[in-house]
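Student: I should like to learn how to read the features of a protein model directly from its structure. Could we work through one together?

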Amino acid sequence: MKRFNLLSEPTEMLYNQGKSAMTDYHLIAAIANIGVDKAREILKLADNRLSELAKWDMEKFLKIEGIGFTRATALVTSFELGRRRMVEQPDKRIKINCSQDVYNCMKPYLFDEVVEHFYIVLLNRNNQVVKLHKISSGGTYGTLADPKLIFKKALDYLASGLILVHNHPSGNLNPSESDKRLTQRLIEVGKSLEIPVLDHLIFTDASYLSFADEGLI
């Protein structure tokens with residue numbers, strides 16, 4: 001019989017019941033080596049949402065009493081490790097059949113981001129993803145997308161088509177006038193190079209807007 005009198009509550013729960021039985025605050029307590037009450041406090045400050053906590057940087061954790069650099073580092077890097085696990089590509093290439101497939105494909109890259117990023121999804125003739133590439137990152141209100149860089153990357157990978165994706169950290173799904181102008185400009189360039197722009201997705205954590213689905217392409 002194991003003796004747990006010297007072990008923490010999260011460790012005891014992990015050993016007895018397994019990782020899936022651990023609550024969010026038990027996981028936070030284990031990662032940061034803090035008490036369960038302090039973990040509950042941290043989670044409450046993030047509205048009890050891990051998605052909100054994942055957006056916190058070192059400075060925000062350091063404002064909490066009892067959270068120093070070591071514990072803040074453990075928490076920030078644990079979320080980054082989880083994000084990288086989501087990004088890790090399977091051996092089989094992803095096939096894009098609809099806009100929902102694109103959204104699911106981009107979740108590991110754009111979930112919880114607080115600034116705008118602009119990506120291109122490059123496809124082969126079978127609509128399989130051959131490359132995901134970030135073109136630019138910007139502020140909370142926008143980012144630049146250079147057509148020369150976009151189509152250079154498409155030519156480098158001999159793409160047969162491409163999909164544009166950028167996120168709106170505000171959660172607003174409405175395309176701006178600049179979004180519409182850029183899309184039309186890239187469509188025209190794509191036609192001349194025989195690399196069609198198949199869609200443009202505006203990504204938010206809750207949902208997405210597809211230019212193709214909305215008849216904007």
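Tutor: The discussion below takes up the sheet, its packing, one helix and the salt bridges in turn; please keep in mind that this is a predicted model.

Student: Let us begin with the sheet. In what order do the strands stand, and how are they paired?

Tutor: One reads a sheet by following its strands from neighbour to neighbour. Here 5 strands form an open sheet in the order β2-β1-β3-β4-β5, with mixed pairing. The edges are held by β2 (129–137) and β5 (208–210), each of which has a single partner strand, so one side of each lacks a neighbour in the sheet. From one strand to the next, the twist averages 20°.

Student: Where does the mixed character appear around β3, and which residues stand opposite each other?

Tutor: One looks at the direction of each pair. β1 and β3 run antiparallel and are joined by 6 bridges; within this pair, L123 has G161 in β3 as its bridge partner. By contrast, β3 (residues 161–167) and β4 (residues 197–203) pair in the parallel sense, also over 6 bridges. In that pair V165 stands opposite L201 of β4.

Student: Is β3 buried or exposed, and what is found on its two faces?

Tutor: For a strand, one examines each face separately. G161, I163, V165 and N167 are buried on one side, and L162, L164 and H166 are buried on the other, so that both faces of β3 are covered. Because 7 of the 7 residues of β3 are buried, the strand is largely enclosed by the rest of the structure.

Student: Which helices lie across the sheet, and at what angles do they run?

Tutor: Helix α7 (residues 99–110) lies across β1 (117–123), β2, β3, β4 and β5, and runs at about 50° to β4. Helix α8 (residues 147–156) lies across β1, β2, β3 and β4, and its angle to β1 is about 30°.

Student: How many residues does the largest nonpolar core have, and which elements supply it?

Tutor: A core is read by asking which residues belong to it and where they come from. The largest nonpolar core has 17 residues, and those with the most contacts inside it are V102, M106, L110, V121, L132, I163 and V165. At least two residues of this core come from each of α7, β1, β2, β3 and β4, and α7 gives the largest share, 6 residues. V165 illustrates the packing: beyond its neighbours within four places in sequence, V165 is in contact with residues including V102, M106, L110, V121 and L201.

Student: What may be said of a loop residue such as T204?

Tutor: The position in a loop and the degree of burial should be read separately. T204 is found in the loop between β4 and β5, yet T204 counts as buried because its relative accessibility is 5%, under the 20% cut-off. Leaving out residues up to four places away in sequence, T204 touches Y103, H168, G171, N172 and L173.

Student: Which residues of helix α3 are buried, and which are exposed on the face turned away?

Tutor: One projects the residues around the helix axis and compares the two sides. In α3 (residues 36–45) the buried residues are V36, A39, I42 and L43. Those residues cover an arc of only 115° around the axis, which puts them on the same side of α3. The face turned away from that buried side carries the exposed residues D37, K44 and L45. Elements covering the buried residues include α1 (9–17), α2 (24–32), α4 (50–53) and α5 (58–62). Just after α3, D47 takes a positive phi of about 60°.

Student: How many salt bridges does the structure hold, and where do examples lie?

Tutor: The structure holds 9 salt bridges. For each, one reads the N to O distance and then the spacing in sequence. In α3, the side chains of K38 and E41 meet at 3.2 Å, N to O; being 3 residues apart, K38 and E41 are separated by about one helical turn. E41 is partly exposed, at 36% relative accessible area.

Student: Which residues form the network of salt bridges?

Tutor: The network links E80, R83 and R84. The closest N and O atoms of R83 and E80 are 2.7 Å apart, and both residues lie in helix α6 (residues 69–87), about one turn from each other. R83 is partly exposed at 26% relative accessibility, and E80 is partly exposed with a relative accessible area of 26%.

Conventions
Residues numbered from 1 in each chain as written. Predicted model: local features only at pLDDT ≥ 70, side-chain atom pairs only at ≥ 80, totals over all residues. Heavy atoms only, no water. Buried < 20%, exposed > 50% of the residue type's maximum accessible area, 1.4 Å probe, protein only. Helix = DSSP H or I, 4+ residues; strand = E, 2+ residues; numbered from the N terminus. Arc of directions from axis to C-beta. Contact = heavy atoms within 4.5 Å. Pairing = 2+ DSSP bridges. Axes fitted to C-alpha atoms, helices over the stretch in contact; angles between N-to-C directions. Core = buried A, V, L, I, M, F, W, Y, C linked by side-chain atoms within 4.5 Å. Salt bridge = Lys/Arg side-chain N within 4 Å of Asp/Glu carboxyl O.
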